[in-house]
Amino acid sequence: MKIYEYNGKKNISGKNLKKIRRQKNMSQETLSHLLQLEGVVIDRFSISRIEAGTRFVADYELYMLAKVLDARLEDFFVPEQLSGGEKPSDDLSKKAFTPE
């Protein structure tokens, strides 16, 4: 499977993963253990690579990262990374995604 890059990174959520993890005063090792308790095996080195943007993140991994960090999925995405610095309007940034 070919892994594509966006702006030289394999994911756009790693920077915020690191920020959220640090806000929770959680080590990469502890995060790894919590994920394993949920059935997702990601070692500390892989978490480091995700945070650095050098490892792809599967959708189920991102879902479980949000769960164990008690964060919203949208917290892992920042508008600056997606739109070159433009921030969404207040109306759009406060709406939660609701699947159909």
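Leaving aside its neighbours within four places in sequence, which residues is Leu31 in contact with? In this predicted model, Leu31 contacts Leu17, Arg21, Met26, Ile47, Leu65, Val68 and Leu69 when those sequence neighbours are set aside.

Several of these residues recur in the largest nonpolar core. This core comprises 18 residues, and the members that touch the most other members are Leu17, Leu31, Leu35, Ile42, Leu65, Leu69 and Phe76. At least two core residues come from each of the helices α1 (14–23), α2 (28–37), α3 (44–52) and α4 (59–68). The most is given by α4, which supplies 5 residues.

The buried residues of α4 are Glu61, Leu62, Met64, Leu65, Ala66 and Val68. These buried positions pack against α1 and α2. The helix is followed by Asp70, which has a positive phi, near 50 degrees.

The packing of α2 with α4 was examined further. The two helix axes come within 10 Å of each other and cross at roughly 110 degrees. Because crossing angles of 65 to 115 degrees count as roughly perpendicular, α2 and α4 are roughly perpendicular to each other. On the α2 side the contact is made by Leu31, Leu34 and Leu35, and on the α4 side by Met64, Leu65 and Val68. By class, the contact consists of 6 nonpolar residues, with no polar and no charged residues. Two of the α4 residues in this contact, Leu65 and Val68, are also among the contacts of Leu31 listed above.

A further contact between parts of the chain that are separated in sequence involves Lys24, in the loop between α1 and α2. The relative accessibility of Lys24 is 38%, so this residue counts as partly exposed, the class that lies between buried, under 20%, and exposed, over 50%. Lys24 is 45 residues from Leu69 in sequence, yet their C-alpha atoms are 7.5 Å apart in space. With neighbours within four places in sequence left aside, Lys24 is in contact with Leu69 and Asp70. A polar atom of the Lys24 side chain lies 3.1 Å from the backbone oxygen of Leu69. Leu69 is thus placed in two settings: Leu69 is one of the core members that touch the most other members, and its backbone oxygen lies 3.1 Å from the side-chain polar atom of Lys24. Asp70, the other residue in contact with Lys24, is the residue with positive phi that follows α4.

Definitions and conventions. Residues are numbered from 1 along each chain as its sequence is written. This is a predicted model: local features need pLDDT of at least 70, side-chain atom pairs count only at pLDDT 80 or more; totals for chains, interfaces and linings use all residues. Side-chain values use heavy atoms; hydrogens and water are left out. A nonpolar core is a set of buried Ala, Val, Leu, Ile, Met, Phe, Trp, Tyr and Cys residues joined through side-chain atoms within 4.5 Å. Buried means under 20% relative accessible area, exposed over 50%, partly exposed in between (1.4 Å probe, protein chains only). Helices (H or I, at least four residues) and strands (E, at least two) are DSSP runs, numbered from the N terminus. Contact means heavy atoms within 4.5 Å. Axes are lines fitted to C-alpha atoms, for helices over the stretch in contact, and angles run from 0 to 180 degrees between N-to-C directions. Angles under 35 degrees count as roughly parallel, over 145 as roughly antiparallel, 65 to 115 as roughly perpendicular and the rest as oblique. Ala, Val, Leu, Ile, Met, Phe, Trp, Tyr, Cys and Pro count as nonpolar, Asp, Glu, Lys and Arg as charged, and the others, Gly among them, as polar. A polar contact is a pair of N or O atoms within 3.5 Å; within protein, one must be able to donate a hydrogen and the other to accept it, and residues adjacent in sequence count only if both atoms are side-chain atoms.
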